[in-house]
Amino acid sequence: MARKRRIGIMGGTFDPIHLGHLVTAEAVRSEFGLDEILFLPAADPPHKKGKKVTDAYHRLIMTHLAVASNPYFTVSRLEMERSGPSYTVDTMRELQQRFGDAAEFFFITGADEVNDLPDWHEPVELLRESRFIAATRQGCKLNRERLEKTFGDLASERIFRLTTPQLEISSTDIREKVRTGVSIRYLVPPAVADYIDKEGLYR
Ligand code: ATP
Ligand code: MG
């Protein structure tokens, strides 16, 4: 059988997408020999309920602008086309259906998030649908004990860790900078900075 296509999944609100996201995605792609990274802007992230999130439309365009120059990066509207909050396990099931058996998935998260994986919806099912890559700063550890308690052997077979350059950049900080008139140059790709400026976002 032919080698499966290895696809990394980078989910996020991307409000806006920044160099922290891009550096992580590229490091994971290169180190794990992935064929593609799929950026999945969230529609209505459950953990951000109540908080104001910029129109999906703008977040989608900024994500496209940010990844355009990398031939390995693509954007999917899968999450955005859903109405209401969605569970990662459902997203991964749908992706597997769309791509078929010829693809396998690597979901990219931070170490903190991956340590809480046992609390996610249908965690064991989720780990069967997708491998996980915890992109972390040096010294930040996986809670192997906790993960093994829920997932058994599956934990070491399907959850990986990668030390990545951790840029001290967050979307929250970028929004605040724009609001207060502080430069975001070199924190987001130039095309994203231009778009934010042109559309008057985050003011
Ligand atoms: P916010 O400040 O609004 O929470 P954010 O910067 O955390 O935004 P998200 O869209 O919430 O961005 O993040 C999407 C994914 O990218 C998450 O898995 C998050 O852990 C990861 N991520 C966010 N910032 C960085 C960064 N600087 N370096 C590496 N990964 C990051
Ligand atoms: Mg965040």
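A residue is called buried when its relative accessible area is under 20%, exposed when that area is over 50%, and partly exposed in between. W120, at 21% relative accessibility, therefore counts as partly exposed. The structure described here is a predicted model.

**Aromatic contacts**

Seven aromatic pairs are present in the structure. In one of them, F107 and W120 meet edge-to-face, with 6.1 Å from centre to centre and 85 degrees between the planes. F107 belongs to strand β4 (residues 103–109), whereas W120 sits in the loop between α5 (111–115) and α6 (123–129), so the pair ties together parts that are 13 residues apart in sequence. With a relative accessible area of 10%, F107 is buried because this value falls under 20%. Elsewhere, F14, F39 and F73 make up one aromatic cluster.

**Salt bridges**

The model contains 19 salt bridges. Three of them are listed below with their N to O distances.

| Acidic residue | Basic residue | N to O distance |
|---|---|---|
| E79 | R82 | 3.5 Å |
| E94 | R98 | 3.4 Å |
| D173 | K177 | 2.9 Å |

In the pair of E79 and R82, the acidic partner E79 is buried, its relative accessible area being 13%.

E94 and R98 are both found in helix α4 (residues 88–99), where four residues, or about one turn of the helix, lie between their positions. E94 has 26% relative accessibility and is classed as partly exposed.

D173 and K177 are placed in helix α9 (residues 171–179); because they are four residues apart there, about one helical turn separates them. Both partners of this bridge are partly exposed: D173 has a relative accessible area of 30%, and K177 has a relative accessibility of 22%. In addition, salt bridges with shared partners link D90, R93, E122, E125 and R128 into one network.

**A charged surface patch**

E145, E148, D153 and E157 form a negative surface patch. Among these residues, E148 is located in helix α7 (residues 144–151). The relative accessible area of E148 is 40%, so this residue is partly exposed. Patch residues need over 30% relative accessible area and no salt bridge; the 40% of E148 therefore meets the area requirement.

Key: Residues numbered from 1 in each chain as written. Chains lettered and ligands numbered in written order. Predicted model: local features only at pLDDT ≥ 70, side-chain atom pairs only at ≥ 80, totals over all residues. Heavy atoms only, no water. Patch = residues over 30% accessible without salt bridge, like charges linked within 9 Å, V, L, I, M, F, W, Y side chains within 5 Å. Areas by Shrake-Rupley, 256 points an atom, 1.4 Å probe, with all protein chains shown as cover. Salt bridge = Lys/Arg side-chain N within 4 Å of Asp/Glu carboxyl O. Lys, Arg positive; Asp, Glu negative; His and termini not counted. Charge placed at Lys NZ, Arg CZ, Asp CG, Glu CD. Helix = DSSP H or I, 4+ residues; strand = E, 2+ residues; numbered from the N terminus. Buried < 20%, exposed > 50% of the residue type's maximum accessible area, 1.4 Å probe, protein only. Phe/Tyr/Trp six-rings, centres within 6.5 Å; stacked < 30°, edge-to-face > 60°.
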